[in-house]
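Me: I should like to understand the terms used for this structure. Please set each value against its definition.

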Amino acid sequence: MTGSTNPGAASAARAAELAQRLSTVRERIDRACADAGRPAGGPTLVVVTKFYPASDVLALAALGVRDIGENRDQEAAAKVAELDPQTRAGLQVHFIGQVQTNKAASVARYADVVHSVDRARLVEALEHGGERAGRQLDVLLQVSLDGDTSRGGAVESDLASLAAAVDQARHLRLRGVMAVAPLDWDPDEAFARLASLAADLRADHPGADLISAGMSGDLEAAIRHGATHLRVGTAILGSRPGHG
Ligand SMILES: *Cc1c(COP(=O)(O)O)cnc(C)c1O
């Protein structure tokens with residue numbers, strides 16, 4: 001044994017519930033791809049497991065989930081550490097929440113993809129963390145589409161300089177953009193705007209071809225506008241405590 005403990009298995013009822021909800025979401029994705037004239041299976045489903053235990057991650061992995069998303073360092077670090085090495089090796093861990101600069105070194109130890117890079121100091125801190133951990137991280141630049149950066153995200157005019165900073169960082173690979181549709185916006189309008197910013201970025205950085213967009217409520221709109229990564233939590237795991 002390596003010292004990591006196996007999380008208990010999810011109950012059979014929980015596993016059945018996750019299987020049911022996952023298949024409903026997969027059907028939604030397939031239908032949206034068909035409606036958008038995109039091949040089925042194109043977008044990567046990142047199942048957002050925040051607030052839910054490692055036993056749910058295990059159950060999801062058994063159902064074929066290969067990508068999980070987390071948004072709080074302390075919770076994510078503990079949860080990933082609970083996974084047995086084989087389950088861990090089969091998963092891509094996506095960090096999707098705001099990263100405090102002093103948590104970047106921790107995030108760099110377990111995240112495979114960081115979706116929420118939004119400032120130069122964070123690029124620096126993740127690069128240091130990646131170097132110390134001997135790991136390469138894929139990063140997406142998070143954009144604040146309405147310019148209200150209080151919930152994370154860079155303003156559009158900062159994207160080019162952030163991209164240049166990531167390009168200089170040897171332990172970071174610039175892979176694309178991420179956004180959350182602003183609450184009072186039509187998601188189609190938001191994701192069309194994101195697609196246009198993604199195309200601008202890709203013109204200068206051909207490897208930055210990922211678009212992380214779409215959650216439980218708006219994944220169809222994200223698929224219409226070229227999302228390559230969907231971040232879906234409540235539609236699969238259920239409502240989070242304190243979130244109705
Ligand atoms: C929690 C979260 C999600 C998942 O949202 P749901 O509405 O539960 O699907 C997606 N993206 C980010 C950045 C999140 O924090």
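Reply: A residue counts as lining a pocket if it has an atom within 4 Å of one of the pocket's grid points. In this predicted model, 30 residues line the largest pocket, and Lys50, Arg151, Val180, Met215 and Arg231 lie nearest its centre. The space in this pocket is about 690 Å³.

Me: How do you know that the ligand sits in the largest pocket?

Reply: A molecule sits in a pocket if more than half of its atoms lie within 2 Å of the grid points. The ligand is placed in the largest pocket, so it meets that condition.

Me: What makes the pair formed by Lys50 and the ligand a polar contact?

Reply: The limit for a pair of N or O atoms is 3.5 Å. An N or O atom in the side chain of Lys50 is 2.7 Å from an oxygen atom of the ligand, and this pair is therefore a polar contact. A backbone N or O atom of Gly233 is 2.8 Å from a ligand oxygen atom, and a polar backbone atom of Thr234 is also 2.8 Å from a ligand oxygen atom. Both pairs are within 3.5 Å, so they are polar contacts too. The protein buries 86% of the 380 Å² that the ligand exposes when taken alone.

Me: Why is Gly233, one of the residues around the ligand, called polar?

Reply: Gly233 is called polar because the grouping places Gly among the polar residues. The shell around the ligand holds four nonpolar, three polar and three charged residues.

Methods. Residues are numbered from 1 along each chain as its sequence is written. This is a predicted model: local features need pLDDT of at least 70, side-chain atom pairs count only at pLDDT 80 or more; totals for chains, interfaces and linings use all residues. Side-chain values use heavy atoms; hydrogens and water are left out. A polar contact is a pair of N or O atoms within 3.5 Å; within protein, one must be able to donate a hydrogen and the other to accept it, and residues adjacent in sequence count only if both atoms are side-chain atoms. Accessible areas come from the Shrake-Rupley method with a 1.4 Å probe; for residues, only the protein chains shown count as cover. On a 1 Å grid over the protein atoms alone, a cavity is a set of points where a 1.4 Å probe fits but cannot get out, and a pocket is an open set with protein on both sides within 12 Å along at least five of seven lines; lining residues have an atom within 4 Å of a point. Grid points are joined across faces, edges and corners, and a volume is the space filled by probe spheres set on the points.
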